[in-house]
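Reader: I am new to this structure and would be grateful for a close look at one part of it. Please begin with a single residue and its immediate partners, and then explain how that part relates to what surrounds it.

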2 protein chains.
Amino acid sequence: MDTRTDTHQPADAKPDPMRIERLCIERGLKMTGQRRLIARVLSEAVDHPDVEELYRRALALDSRVSIATVYRTVRLLEEKGILERHDFGGGRARYEATDHGHHYHLIDIETGKVIEFSDAQHEALAEAIAARLGFRLVGHRLELFGRRAAPEAATPPRRAPKRRSGEGA
Amino acid sequence: MDTRTDTHQPADAKPDPMRIERLCIERGLKMTGQRRLIARVLSEAVDHPDVEELYRRALALDSRVSIATVYRTVRLLEEKGILERHDFGGGRARYEATDHGHHYHLIDIETGKVIEFSDAQHEALAEAIAARLGFRLVGHRLELFGRRAAPEAATPPRRAPKRRSGEGA
DNA sequence: TTAGCTGCAAAACGTTTGCTTCCCG
DNA sequence: CGGGAAGCAAACGTTTTGCAGCTAA
């Protein structure tokens, strides 16, 4: 992790459509057709889709999946440490593969877009704070909520989510 | 906010049982019996109770409240900026008064206990990162998940919450 | 062969809401 | 008095689950 605070959203995309499947096999998971399908959708995602979005993408490739299986699978993969669950508000959990390094999120409160960034300085600070409090850091998350800075003109209005602060995949 | 990373959980407790009610009146809210009751429970809380816990505490003082009112009230107070909602995992929202300064949370993953701390250095860093990404920081949250450091002997086992990573108020 | 996965529909969960009655201001 | 608040129960949207049948290993 570098000191530079760099964005890498659709930038360095996921080149390998079998990344996740490989991870599943590594952890000894039985690979069924639908798991392979969901794994592929996850491998190709460069965003933070929720279950419904994953289901939609999976259906587009093969209609023989049910949303219950998507739920069961993301849960399984989360338990196996392959996926990370996020709650960015909006009431639904959103997922992301854990295999592209630890990073943080900046949520654009106007558009709901999530920007990823990493920051070594912050990493160190978190570690230091935990130590000072007498803890060994196991995990941490930093979420910034911001508005695009001045330069731009006005920004388009936003639709209100059911409740909470949310966005949409 | 000072540079020192200091804990202040049950430490500087809430001395004034009418703090929240006063804030409500300041913002022009109509004060009913149940709002006063809920405000009092909130004023006395030194933790991060969820709605059910608030309801339980309120009931103990006066049985003439319904959980629907608790829900409506926390939502109202959140909109008014008097309360802050947190999602520490566990599937239910947890609340905390906003009137004791911006701070962060360290969640002890063994016990589920939440420790509050503030850190000016981190505050500045968050601001800087947002600026670097071209955003004006509107809000941010930092959550550390840790395990009590070595010195202690073994730590007691944990009960598993329904799902997610959660804890309990 | 069989442990374990899938689909379906129903249940569970936290939370919101429609409606009527009640009360604060 | 009038507008907003409370209580109840029903509705909601997301997620989990029981069960019967199917499938990877």
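Author: In this predicted model, B:Glu44 counts as partly exposed because its relative accessible area is 41%, a value between the 20% and 50% limits for that class. The side chain of B:Glu44 meets that of B:Arg40 in a salt bridge, with 3.4 Å from N to O. B:Arg40 is likewise partly exposed, at a relative accessible area of 38%. Both residues belong to helix 2 of chain B, where they stand four residues apart, and therefore about one helical turn separates them. An α-helix has 3.6 residues a turn, so residues three or four places apart point the same way. Side chains of opposite charge can pair when their charged atoms come close.

A further salt bridge leads out of this helix. The side chain of B:Arg36 reaches that of B:Glu21, at 3.3 Å from N to O. B:Arg36 sits in helix 2 of chain B and B:Glu21 in helix 1 (residues 19-26) of chain B, so the bridge ties together parts that are 15 residues apart in sequence. The two partners differ in burial: B:Arg36 is partly exposed, with a relative accessible area of 36%, whereas B:Glu21 is buried, with 11%.

Helix 2 of chain B (33-44) is connected with the DNA as well. Together with helix 4 (67-79) of chain B and helix 4 (67-79) of chain A, this helix is among the elements that each supply at least two residues of the surface near DNA strand D. Of the 22 residues around DNA strand D, those that come nearest are A:Tyr71, A:Arg92, B:Gln34, B:Arg64 and B:Thr69. Of the atoms of DNA strand D within 4 Å of the protein, 74% belong to sugar and phosphate. For B:Gln34, a polar side-chain atom lies 2.6 Å from a sugar or linking oxygen of DNA strand D. Backbone atoms take part too: a polar backbone atom of B:Ser66 is 2.9 Å from a phosphate oxygen of the strand, and a backbone N or O atom of A:Ala93 is 3.0 Å from a phosphate oxygen. Helix 4 of chain A contributes most to the surface near DNA strand D, with four residues. By class, that surface holds eleven charged, six polar and five nonpolar residues.

DNA strand C may be considered next. Among the 21 residues around it, A:Gln34, A:Arg64, A:Thr69, B:Tyr71 and B:Arg92 come nearest. Here 73% of the strand's atoms within 4 Å of the protein belong to sugar or phosphate, and the rest to bases. A side-chain N or O atom of A:Gln34 lies 2.7 Å from a sugar or linking oxygen of DNA strand C, and one of A:Thr32 lies 2.8 Å from a phosphate oxygen. From chain B, a polar backbone atom of B:Met31 is 3.3 Å from a phosphate oxygen of DNA strand C. Helix 2 and helix 4 of chain A, together with helix 4 of chain B, give two or more residues to the surface near DNA strand C, and helix 4 of chain B provides the largest share, four residues. That surface has ten charged, six nonpolar and five polar residues.

Helix 2 of chain A (residues 33-44) can be examined along its length. Its twelve residues should span 16 Å at 1.5 Å a residue, and the end C-alpha atoms are 17 Å apart, which agrees. Buried in this helix are A:Leu37, A:Ile38, A:Ala39, A:Val41, A:Leu42 and A:Ser43. Their cover includes helix 1 (19-26), helix 3 (51-61), helix 4 and strand 2 (83-86) of chain A.

Helix 1 of chain A has a salt bridge to a distant part of the chain. A:Arg19 pairs with A:Asp99, the closest N and O atoms being 2.7 Å apart. A:Arg19 belongs to helix 1, while A:Asp99 lies in the loop between strand 3 (94-97) and strand 4 (104-108) of chain A, 80 residues apart. A:Arg19 counts as buried because its relative accessibility is 12%, whereas A:Asp99, at 34%, counts as partly exposed. Elsewhere in chain A, A:Asp47, A:Glu53, A:Arg56 and A:Arg57 are linked in a network of salt bridges. Over all chains, the count of salt bridges comes to 27.

Key: Residues numbered from 1 in each chain as written. Chains lettered and ligands numbered in written order. Predicted model: local features only at pLDDT ≥ 70, side-chain atom pairs only at ≥ 80, totals over all residues. Heavy atoms only, no water. Near = heavy atom within 4 Å. Polar contact = N/O pair within 3.5 Å; in protein donor to acceptor, adjacent residues only side chain to side chain. Nonpolar A, V, L, I, M, F, W, Y, C, P; charged D, E, K, R; others polar. Expected span 1.5 Å × (residues − 1). Buried < 20%, exposed > 50% of the residue type's maximum accessible area, 1.4 Å probe, protein only. Contact = heavy atoms within 4.5 Å. Salt bridge = Lys/Arg side-chain N within 4 Å of Asp/Glu carboxyl O.
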